[in-house]
Protein chains: 2
Amino acid sequence: MLTVAYLGPEHTNTHLAAQKRFGRQARYVHAPTVEDVFRLVERRQADDGVVPVENSLEGAVTHTLDRFIDFRDSPARIVGEVEVPIQHYLIAPPGVRLSQLQAVYSHPQALAQCRRWLRAHLARDIVLLEMSSTAEAVEAMVNHSRLHPAASLQHIAAIGRQEAARAHHLHASPITDDRENKTRFLMISLRRPQRGRRNKTSLLFALKDRPGALYDALTPFKRERINLSKIESRPSKQKAWEYFFFIDFTGFESEPRVQRALKALKASTTFLRVLGSYPVTR
Amino acid sequence: MLTVAYLGPEHTNTHLAAQKRFGRQARYVHAPTVEDVFRLVERRQADDGVVPVENSLEGAVTHTLDRFIDFRDSPARIVGEVEVPIQHYLIAPPGVRLSQLQAVYSHPQALAQCRRWLRAHLARDIVLLEMSSTAEAVEAMVNHSRLHPAASLQHIAAIGRQEAARAHHLHASPITDDRENKTRFLMISLRRPQRGRRNKTSLLFALKDRPGALYDALTPFKRERINLSKIESRPSKQKAWEYFFFIDFTGFESEPRVQRALKALKASTTFLRVLGSYPVTR
């Protein structure tokens with residue numbers, strides 16, 4: 001039986017993503033931060049880890065991308081991905097009206113995704129408190145007088161999943177938005193996945209400091225007719241305005257055309273690492 | 001005399017950036033959000049606006065990028081940029097020790113930039129409260145019993161600029177980090193800047209949905225020997241995993257080679273807009 005670590009506690013969207021992928025065939029362990037999920041995998045305390053990487057409204061989960069940059073020698077690799085539609089709920093104690101709310105607890109991504117709704121429906125001076133997960137936010141709301149220094153706040157709500165509200169017998173109302181809200185999660189592991197029918201490879205690289213370097217880096221993919229599905233840049237954090245690039249493309253690492261592209265790519269980069277090569281399930 | 005709107009209140013890093021660029025030759029107006037700065041410019045209540053766009057540690061200021069996407073017909077254009085070194089200070093009431101702190105107020109970007117330091121020096125269950133600016137955070141800390149529902153929090157600090165602490169006669173200690181921390185700000189306006197000795201152009205575009213579209217979009221720049229200094233992608237928010245791209249390159253819009261590149265670029269895009277073309281001062 002696989003042990004799967006996920007960004008917890010229970011009832012987070014990452015928990016849902018892990019269950020969607022591994023079902024009942026796994027033992028689940030929750031970890032308080034993205035960093036902890038990686039560490040559990042690296043220390044072989046979990047076979048697989050599940051972390052969020054991108055949301056369709058808010059973009060990259062920079063914590064996760066930066067973990068790949070900060071520990072770029074990590075043996076953990078991406079072994080798969082899973083996509084989950086996100087429906088946020090405003091979870092409040094019974095009898096509290098929206099206009100009375102003084103504070104909202106949630107994960108920074110959830111707060112950002114709901115910013116438009118919060119602005120339209122809640123007091124302008126509403127206090128937003130960052131929690132490490134949506135489920136943690138619901139827990140904190142329930143226990144705030146016991147656990148939390150902000151004990152004087154009378155009317156607090158949380159943004160989280162309906163399941164988290166149900167677990168505490170709380171009322172949950174959907175936060176509606178006409179925009180498509182999905183989160184993409186990565187599976188990380190020390191195992192190497194088998195090549196599937198359709199595959200994806202994720203790269204991390206840094207470009208040589210010269211004109212046209214990005215174009216030159218993409219040329220091998222064009223030449224080998226490999227389709228890039230995604231490009232993302234993040235600051236190197238070592239020198240201002242220097243970047244690492246994350247690229248996803250269709251194909252498996254062992255394919256000859258991919259091998260040729262990677263070899264050619266090396267000439268334009270100062271750093272290059274395959275973060276993972278894995279079958280695409282959807 | 002120019003009227004310059006900036007993301008305020010006084011003593012924010014954006015205020016510093018505005019002063020660095022416009023000096024004493026301007027009348028300054030502060031606005032509570034990035035959105036308000038754009039609106040003051042669009043309604044001709046300010047000649048120029050100053051907003052943060054990128055930090056060397058935390059990356060893109062997504063609020064600002066998304067404003068360009070959400071209001072992509074805005075007449076406001078980028079007319080210049082300015083870079084400011086960032087030094088954050090922990091600002092606390094006299095006699096409060098780090099270990100006693102229960103909450104820290106600041107702008108989400110400042111909280112993110114200091115996350116490593118906060119984790120190393122403060123209690124693990126520290127509450128982080130998002131404010132609309134660093135200066136607002138200092139104000140809120142000073143006035144929290146009056147203004148703020150989190151009145152029971154006894155020991156609160158803020159992360160902000162030293163000038164904000166000085167204005168309130170508070171102690172400020174630098175938050176040290178060995179990484180280079182700079183923020184880049186944009187000047188926006190309805191005026192069209194003159195071509196300078198060295199220039200930069202900023203584009204926003206969406207790619208046609210076909211293999212190799214990004215490579216094809218970059219090809220005209222390579223052909224015209226135009227150097228890209230920056231690429232950033234943001235979710236379209238209309239359809240999951242569709243993106244808008246922000247590109248900066250050296251050159252002025254009216255140059256024939258730039259005109260040719262833009263004309264060629266149109267063939268790979270479903271949307272294309274020049275966000276601005278302006279002299280580079282540094």
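**Exercise 1. Divide chain A into domains and find how far apart two of them lie.**

Solution. The domain assignment splits chain A into domain 1 (2-85 + 181-189), domain 2 (89-174) and domain 3 (199-279). Note that the model is predicted. Now take domain 2 of chain A and domain 3 of chain A. Their C-alpha centres are 40 Å apart.

**Exercise 2. Work out how chain B is related to chain A.**

Solution. Start with the general idea. A rotation about an axis and a shift along that axis relate two copies of a chain. Next, apply it here. A turn of 180° and a shift of 0.0 Å along the axis lay chain B on chain A, with an RMSD of 0.0 Å. This is therefore the relation of a two-fold axis.

**Exercise 3. Describe the side of chain B that touches chain A.**

Solution. Begin with the contacts. On chain B, 35 residues are in contact with 35 residues of chain A. Which elements of chain B give two or more residues to this side? They are strand 8 (127-130), helix 9 (213-223) and strand 13 (228-235). Strand 13 of chain B provides the largest share, 6 residues. Then sort the residues of this side by class: 18 are nonpolar, 8 polar and 9 charged. Last, compare the two sides. Of the interface residues of chain B, 100% are also interface residues in chain A, so the copies meet through the same surface.

**Exercise 4. Analyse the packing of helix 2 and helix 3 in chain A.**

Solution. Two quantities describe a pair of packed helices: the angle between their axes and the distance between the axes.

- Step 1, distance and angle. The axes of helix 2 (residues 34-42) of chain A and helix 3 (residues 62-70) of chain A come within 9 Å and cross at roughly 45°.
- Step 2, orientation. Angles from 65 to 115 degrees count as roughly perpendicular, and those under 35 as roughly parallel. Helix 2 of chain A and helix 3 of chain A are therefore oblique to each other.
- Step 3, hand. The crossing of these two helices of chain A is right-handed.
- Step 4, residues. Helix 2 of chain A makes the contact with A:Val34, A:Glu35 and A:Phe38, and helix 3 of chain A with A:His63, A:Thr64 and A:Arg67.
- Step 5, classes. This contact has 2 nonpolar, 2 polar and 2 charged residues.

**Exercise 5. Repeat the analysis for helix 2 and helix 3 in chain B.**

Solution. Take the geometry. In chain B, the axes of helix 2 (residues 34-42) and helix 3 (residues 62-70) cross at roughly 45° and come within 9 Å. Helix 2 of chain B and helix 3 of chain B are therefore oblique to each other. Their crossing is right-handed. Now the residues. B:Val34, B:Glu35 and B:Phe38 of helix 2 of chain B meet B:His63, B:Thr64 and B:Arg67 of helix 3 of chain B. By class, the contact divides into 2 nonpolar, 2 polar and 2 charged residues.

**Exercise 6. Locate the backbone exceptions.**

Solution. Recall the usual pattern. Most peptide bonds are trans, and most residues other than glycine have a negative phi.

Where is a cis peptide bond found in chain A? One joins A:Gly8 and A:Pro9, with omega about 5°. A:Pro9 sits in the loop between strand 1 (2-7) and helix 1 (13-22) of chain A.

Turn to chain B. A cis peptide bond joins B:Gly8 and B:Pro9, with omega about 5°. B:Pro9 is in the loop between strand 1 (2-7) and helix 1 (13-22) of chain B.

Finally, check phi. A:Arg44 is not a glycine, yet its phi is positive, about 60°. A:Arg44 lies in the loop between helix 2 and strand 3 (48-55) of chain A.

Conventions: Residues are numbered from 1 along each chain as its sequence is written. Chains are lettered from A and ligands numbered from 1 in the order in which they are written. This is a predicted model: local features need pLDDT of at least 70, side-chain atom pairs count only at pLDDT 80 or more; totals for chains, interfaces and linings use all residues. Copies are superposed by least squares on the C-alpha atoms of residues with pLDDT of at least 70 in both. Two residues are in contact if their C-beta atoms, placed from the backbone, lie within 7 Å. Helices (H or I, at least four residues) and strands (E, at least two) are DSSP runs, numbered from the N terminus. Ala, Val, Leu, Ile, Met, Phe, Trp, Tyr, Cys and Pro count as nonpolar, Asp, Glu, Lys and Arg as charged, and the others, Gly among them, as polar. Domain bounds come from an automatic or database domain assignment. Axes are lines fitted to C-alpha atoms, for helices over the stretch in contact, and angles run from 0 to 180 degrees between N-to-C directions. Angles under 35 degrees count as roughly parallel, over 145 as roughly antiparallel, 65 to 115 as roughly perpendicular and the rest as oblique. A crossing is left-handed if the near helix is turned anticlockwise from the far one by less than a right angle, and right-handed if clockwise.
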